[in-house]
Structure formats: structure tokens, C-alpha cells
Amino acid sequence: MSDESRPSPAETPAKTSAETSAETSAAGRSPARTAAVIPAAGRGVRLGPGAPKALRALGGTPMLIHAVRAMAASRAVSLVVVVAPPDGAGEVKSLLDAHALPERTDFVVVPGGETRQESVRLGLDALPPEYGIVLVHDAARPLVPVDTVDAVIDAVREGAPAVVPAVPLADTVKQVEPAAAPGEPEPVVATPERARLRAVQTPQGFDRATLVRAHGTVTDDVTDDASMVEQLGLAVVVVPGHEEAFKVTRPLDLVLAEAVLARRRLNDGF
Ligand SMILES: Nc1ccn([C@@H]2O[C@H](COP(=O)(O)OP(=O)(O)OP(=O)(O)O)[C@@H](O)[C@H]2O)c(=O)n1
Ligand SMILES: C[C@](O)(CO)[C@H](O)COP(=O)(O)O
């Protein structure tokens, strides 16, 4: 780890319970260690033509590196598994070698699959046995703050089998009947009560055995891992998400991410 990225003792924040638990594990009193799986194998079609989305630059650094640093920023996370584009594992390994990352964290790179679900499963397959808690974090959410990561870990450590960070919605949501043919109207069938809806982010946190069972059981196409646990009939707990944990999906998201990063760099004085 470079001196530039190592906090001075004066800057070291108070320990969260995730941090304290990590140290307890290290002392051998608790077996559950925490790993983060980062699915980064998507193409980024909605972002437009270019390199795979995770490898595109944000503030001059690949989005994936921001996401890896965001996970490794939690002292509870001692392993990060990066699920690379299927033909990009070598390039991802070189990127990890080329950027300053915390020495306390181990890194593994595996090639991904055709879908996000498949990529996450391939990441899970690469986890050593001693990791009892797993975070799944989109490479496409490069700016999630460490407090959100630690809040998710804390909730899993407190016994929740699955935890999602989430934020309230700003827009009203309509459920529609899909158009019968391209160009046909989409009739509205319902307006869910907005106060009961949440926009769900990552990292999502899991008891490892639960997530492995979910991936081994649920074969439907889903858009997040927690919904697979829901299908097992198990509880999924919500913790507060963060507006800066948004997903870079379309070109305008990248403009916002650049602005957030520029503001952080200004505030940090570099
Ligand atoms: N086969 C896939 C598809 C997606 N992902 C990852 O899942 C996360 C969330 O997916 P999304 O934002 O939809 O990324 P893409 O699939 O790349 O985007 P698009 O649908 O626009 O192509 C991303 O970090 C992406 O790299 C993955 O690991 N493997
Ligand atoms: C997992 C997720 O980020 C939660 O909001 C989201 O569902 C991923 O969706 P995508 O279409 O694969 O980007």
C-alpha cells in the first residue's frame, strides 16, 4: 500500500462493529471472515460503445479499481474476488498490480459468465472455505462510501441472512402492461405506494451458506442476489443506502460520477 493511500493515525476513524468483529476473527474467536465478490464481466451496452464498462476510466482510473478500493476500504474485508470479462482476466490482474491497494486485502481474479447471475456464481465458487460472509458489489457502483459497506457487514454479523442497502425513490413508479408490439402504448395497471418502495443498491451482504444455496436453487432470471434469497423464503433486511452508491448505467451516470469524484478530490485536497 502506498503512503498516499494509508491513513495517518489521526485520520483513522472510530471502529465500527464490523471492524471490531474482523479483529475478533483474526484472534481466532469467530470463524466468519468477510469477502467481497465484484461482478465486473458486463459489457456496458447501455453506456455505449467502448471497452467493457468496468474497465472504462472514471477520473483517469478504471471504474473497477474504484469499486475494488471501495470494498477494500472496509477493514472487515480481507479478500476481494473480481469477476473479470471472460477474455479479460489477464488485463484485470495487471490493473490490480498497477494500482495502489491495501496490503491487508487479498485479491483473486476469475473469468465471468454470460449473465450477472452466472458471474456472481463463478465468483462464489472461487471463495476459500474460511469466508463465512460474502458481499456482492457491482463494479458499476464505483463510489459507494465505506460507511455503507460497513453497515451491510454489521447487519449480516448481527444475524441477517441477507442485507441490502437501499434509498427512497424520488419518482412515482407505475406498473405497466408491456406493449403488445413495438410502438404500441403501455397501459398502466397499478401505482405502487411510493413510500413503501426502495431503490436497492450494492454491496448486498449474505451469510455465505445462504447465498450459495440461493445460487444453487433459483434458476429464474433475477436482477439482484437478494431476490434469490427472498425466493428461498428467507428474510432480507434493508439498511440505509447512499446517494453516491448509484450505478453507472447510462452516459449521464458517468457525468455524475465524474462530478462526485471531482468534489471528493477537492474536499480531500488532491
Ligand atoms: N455477464 C455479466 C453481466 C454483468 N456483470 C456485472 O454486473 C454488474 C451490474 O450490471 P450492469 O450495470 O447491468 O452492467 P452491464 O451488464 O455491463 O451493463 P449493460 O446491461 O448496459 O450491458 C456490473 O458490474 C457488470 O460488470 C457481470 O459481471 N457479468
Ligand atoms: C444488483 C443491482 O445493482 C441492484 O440494484 C441491479 O439490480 C443490477 O441491475 P443490472 O441491470 O444488472 O445493472
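Start at ligand 2, where the surrounding residues are Arg116, Asp138, Val200, Gln201, Thr202, Thr223, Asp224, Lys247 and Thr249. Sort that shell by class and you get 1 nonpolar, 4 polar and 4 charged residues. Keep in mind as you look around that this is a predicted model.

Now turn to ligand 1. There are 22 residues around ligand 1, and the ones that come nearest are Pro39, Ala41, Gly42, Arg46 and Ser119. The class count for this shell is 8 nonpolar, 7 polar and 7 charged residues.

Go back to Thr202, one of the residues around ligand 2. The peptide bond that runs from Thr202 to Pro203 is cis, and its omega is near 10°. Where does Pro203 lie? Look in the loop between strand E10 (198-200) and strand E11 (204-207), and you'll find Pro203 there.

Let's follow the chain a bit further, to Asp220. This residue is placed in the loop between helix H6 (208-217) and helix H7 (226-231). Is Asp220 buried or exposed? To count as exposed, a residue may have 12 or fewer other C-beta atoms within 10 Å of its own. Asp220 has 8 C-beta neighbours inside 10 Å, so Asp220 counts as exposed. You can also compare its place with that of Ala41, one of the residues that come nearest to ligand 1. Asp220 and Ala41 are 179 residues apart along the chain, and 20 Å separates their C-alpha atoms.

Helix H5 is a good place to try some simple arithmetic. It covers residues 146-157, which makes 12 residues, and at 1.5 Å a residue the helix should span 16 Å. The C-alpha atoms at its ends are 16 Å apart, so the expected span and the model agree. How much of H5 is buried? The count is 10 of its 12 residues, and therefore H5 is largely enclosed by the rest of the structure. The buried ones are Thr148, Val149, Asp150, Ala151, Val152, Ile153, Asp154, Ala155, Val156 and Arg157. After H5 comes Gly159, which has a positive phi, near 120°.

Next, see how two helices meet. The axes of helix H4 (residues 116-125) and H6 come within 11 Å, and they cross at roughly 135°. Because of that angle, H4 is oblique to H6. As for handedness, H4 passes H6 in a left-handed crossing.

Two more helices give you residues to check for exposure. Ser94 sits in helix H3 (residues 89-98). It has 12 other C-beta atoms within 10 Å, so Ser94 is exposed. From Ser94 to Gln117 there are 23 residues in sequence, and their C-alpha atoms are 25 Å apart in space.

Val260 belongs to helix H8 (residues 251-268). Around Val260 there are 16 other C-beta atoms within 10 Å, which means that Val260 is partly exposed. Along the sequence, Val260 and Arg56 are 204 residues apart, while in space the C-alpha to C-alpha distance is 16 Å.

Key. Residues numbered from 1 in each chain as written. Chains lettered and ligands numbered in written order. Predicted model: local features only at pLDDT ≥ 70, side-chain atom pairs only at ≥ 80, totals over all residues. Near = placed C-beta within 6 Å. Nonpolar A, V, L, I, M, F, W, Y, C, P; charged D, E, K, R; others polar. Helix = DSSP H or I, 4+ residues; strand = E, 2+ residues; numbered from the N terminus. Buried ≥ 20, exposed ≤ 12 C-beta atoms within 10 Å, placed from the backbone. Expected span 1.5 Å × (residues − 1). Axes fitted to C-alpha atoms, helices over the stretch in contact; angles between N-to-C directions. Parallel < 35°, antiparallel > 145°, perpendicular 65-115°, else oblique. Left-handed = near helix turned anticlockwise from the far one by under 90°.
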